[in-house]
Amino acid sequence: MKRTTTNRTRCPTADVFYPPAILEEELKNRVAADWFGAFDCSRILGKVDFCAAVAATDLPLCDAESVVWAEAKRGADVPLDFALVQLILTIGKERTFDRYLPPKYLVAFNAARIAFIPYSEVVEIFYQNDFNWNVAPSDHETREFGDLYQRVIRILESSTLEFDFAKDEAELRRFIKANLHTGGACTSAAVQITKNNFTHIYQRWRETVMPTILMPDWAAAKKSGIIDADFFLADIFSSDNAAVTDRLNVLLMNDHYRQARGSDALGFQLFSEILFSDGQKAHRLFWNRYRRPPRKEYWNYIVNRRDLLVPQDVRERKGSFFTPQKWVSLSQDYLAAVLGENWQDDHYVWDCCCGTGNLEVGLTNKYNVWVSTLDQQDVDVIHQRIKLGANLLDSHVFQFDFLNDSFDQLPQGLKEIIDDPEKRKRLVIYINPPYAEAGDAKQRSGTGMNKTDVSVTHATYNRYLEKIGIAGRELFAQFFMRIHDEIPGCILAEFSKLKHLQSPNFKAFRQAFHASLEKCFVVPADTFDNVKGAFPIGFFVWRLSDEAARAPLPREGAHPRGSDTLVASSADAIFTSTRADVYDRKGEFIGTKTILSYDNERSINDWLIETRKRPSRMKLGFLSARSHDVQHILDIYFKADKALIKSARGSWITDANLAEVAVYVAVCHSIEADWLNDRDQFLFPDDGWRDDLVFQADCLVYTLFSNANCIKSTDGENHWIPFTEEDVGAKDSFKSHFMSDWLAGRRAAAVAGRPLYQGELDFSGTTETNGTSGTDCGHDTQDVSLLSQPSPLSQMSQQARAVLDAGRELWRYYHAQPIANPNASYYDIRLHFQGTTTDAKGKVKMNSESPDATYTALLANLRAAMKNLAKRIEPKVYEYGFLKR
């Protein structure tokens, strides 16, 4: 990433006050002593390089009054604007301002120069909801660093004060004395409230005071426009616990709060009184540490920036994934391709979950755009943005709870459009809805909090529960169904995950959601702020069904880039498949991707079920098959017995279905998971694989040495040793030669002496019976002449032979150890060399590395060979229909 810097920051000819080669730690010590000697520079604030605070002995670290937070850079020619951006990234990522009182200035210095910028000039940057802070601040080449640089460069250029240590020494000392000194050490615990620190104080107030306020129902208060921040503002704008201004929604009246609640029949103002649960003890103790009210010069700023008083976790609880500007711009290109170049003049737009309005950047016709959101503070932010030049109308911005409120509450102009069937056809619902669900992955795995209240307490949930079933647990599904049913015939342009297209839980939703998918693209999810994980997020343009006019609207324009994705000729279409355009994280078009609903597809598990009734002589293990998509491939593994599997859903592995099980495991594990294929499901294949004996042999070898092989000799007889004793120099004989016999084609010997078992091996993992249990997906009636088939050793590819050779060397090295179990499995060998660790929860895990260099080299060779074998298997996965591109 190339960026230009001004002469203001790059001064290679400047006199150097400190040696150019001075180490960073020494530089910080020298700067502290030479320029900030009157301050306490010993405090460590997270990952901030340098802090100078007012010397105080009786203040906790979190309430120490800082004058500067700084980024230090060794050398004399490091651009200080880059250093300031790095400091802002560090503070934003660590949310340092939530734990410590912010300083008066942010500072960057190198060996030659020092730059100051008032903290208040950049405080809004930390509360942007469309920025990804989860990057390394020191990496100046990231997209996020470049984006932030562009956002703050004007602020830096207009507000930064920069001094040369040598040439500007006198001016610098005057500046520090005039702007940073407080007239001596501070020994009082009372901290002045300023526009820099009021957000930090609010966060601490929420933890300490808010729980003691006897508010009967915070959610109900929020609907009436009162939020906890109003009580905080009531506190800070008071003196001796009495309000000093009446410009607030809530007032502090000595020992209680007062909230206006309308007038009585005679016109007299009515009030509610809100008391404290502890007799105001926590409130008094908290505010003893701060000076109230703030100086009058800060009043307007603090009241007007009520939007900054938002709990740190509110965005996560609401499930919002904020839209990066490059995807906003691309989505509007796609809308123009579907609706025509002049679509903004011909159509109306409503973003009914707009947040602070970043999705509207780029829209040009403000008279045709309406935006609404659940939170009044977001509405206030948008009004503030309009004052600063945002291209929206104040009268078209409003608070509205889309999942609960009646359309009768909409502005008249928008309501008229929704009520008019012809105008409604030209209404674009343009949204990036919240994605929260009743129980997210973290909650289900025990690492997060249950989010039930964010999705199942809305009116829309109850209204559409019977219609869309479990999909209603997702907020975005509720948005879509209300739009579908109550704004029929409109155009829905939405960002979302792909669940509504592919998830089995959304089958009822797909049957109810009648629309034609016109165009779409997918991008990596982690390019969105607050999103973790490797999966796709897409943008989809739908024409919704209209009961009065079912014929599809004429389609205009050409696809902006890539392929044509129109798949449905009628707005009554139920989604089955599409081709989506794919963009990488840089915004570059990289191809197309088939997206299937899978509603009419049989899965790879259905295929495996068909092997369960074959007569067999040996049980070799039990395969876990809890799921059959790429994102859950770690749930596909096998152990010696069903009782060892977390979920008994799966299949016994026998001599009769070993070929299919090996194909199943290899197909699923040879595909490298990435963000794009994360939701792909493995399917019932065509018959081509049956005649491909090389493919079958390769899959068996891959399965033997994959991490899915969790066979342990301590769990029972190990039938998975692919070598003979002579091959590996074993010191004793093996209990089972099944696998080496099988590979060599000695299948009669492999099962010799074993009685023929006639029972059913139930895929669901229930007890075997002689009848049929569960859903019978068909009896495999193929005459499988196992004893007459060629040996896998004679059929396998060179890549599979290389895996066997590498595996043999690993086995040899193990059996050369002083103590070696002759029946050791592949898992046992790795466990022997790598050992285990017990985590904090008491769970024992195999270490990822070994101190044995020879073993490490042998394992690396085996894994390299496995990688080559996977590359050979992968094309067959698609050729035989296990996956679709």
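Let me begin with glutamine 280, which is buried, with a relative accessible area of 5%, and which sits in the loop between strand 11 (269-274) and helix 10 (281-287). Please keep in mind throughout that what we are looking at is a predicted model. The backbone at glutamine 280 deserves a moment of attention, since its phi is near 75°, a positive value in a residue other than glycine. As background, most residues other than glycine have a negative phi.

Tyrosine 598 can be described in a similar way: its phi is positive, at about 65°, although this residue is not a glycine. You will find tyrosine 598 in the loop between strand 21 (589-596) and helix 23 (604-609), and, at 10% relative accessibility, tyrosine 598 counts as buried.

Strand 21 brings me to the empty spaces inside the model, where the count comes to three cavities of 30 Å³ or more. The second largest of these cavities holds about 60 Å³ of space, and strand 21 gives the most to its lining, with three residues. Among the residues that line the second largest cavity are Leu498, Val522, Lys593, Thr594, Ile595 and Asp680. Which kinds of residue, nonpolar, polar or charged, make up the lining of the second largest cavity? The lining divides into five nonpolar residues, two polar and three charged.

Let me turn now to the salt bridges, of which the count comes to 31. In one of them, aspartate 164 pairs with arginine 113, and the closest N and O atoms are 3.3 Å apart. Because aspartate 164 lies in strand 5 (residues 161-164) and arginine 113 in strand 4 (residues 113-118), this pair ties together parts that are 51 residues apart in sequence. Are these two partners buried or exposed? Aspartate 164 counts as buried at 2% relative accessibility, and arginine 113 is buried as well, with a relative accessible area of 13%.

Another salt bridge joins lysine 876 to glutamate 879, at 3.8 Å from N to O. These two residues are three apart in helix 32 (residues 853-879), which means that about one helical turn separates lysine 876 from glutamate 879. Both ends are partly exposed, lysine 876 at 23% relative accessibility and glutamate 879 with a relative accessible area of 48%. Going back to the strands, salt bridges that share partners join Arg113, Glu162 and Asp164 into one network.

Finally, aspartate 635 forms a salt bridge with arginine 626, with 3.7 Å between the closest N and O atoms, and arginine 626 is partly exposed, at a relative accessible area of 42%.

Notes. Residues numbered from 1 in each chain as written. Predicted model: local features only at pLDDT ≥ 70, side-chain atom pairs only at ≥ 80, totals over all residues. Heavy atoms only, no water. Helix = DSSP H or I, 4+ residues; strand = E, 2+ residues; numbered from the N terminus. Buried < 20%, exposed > 50% of the residue type's maximum accessible area, 1.4 Å probe, protein only. 1 Å grid on protein atoms, 1.4 Å probe; cavity = no way out; pocket = protein on both sides within 12 Å on 5 of 7 lines; lining within 4 Å. Points joined across faces, edges and corners; volume = space filled by probe spheres on them. Nonpolar A, V, L, I, M, F, W, Y, C, P; charged D, E, K, R; others polar. Salt bridge = Lys/Arg side-chain N within 4 Å of Asp/Glu carboxyl O.
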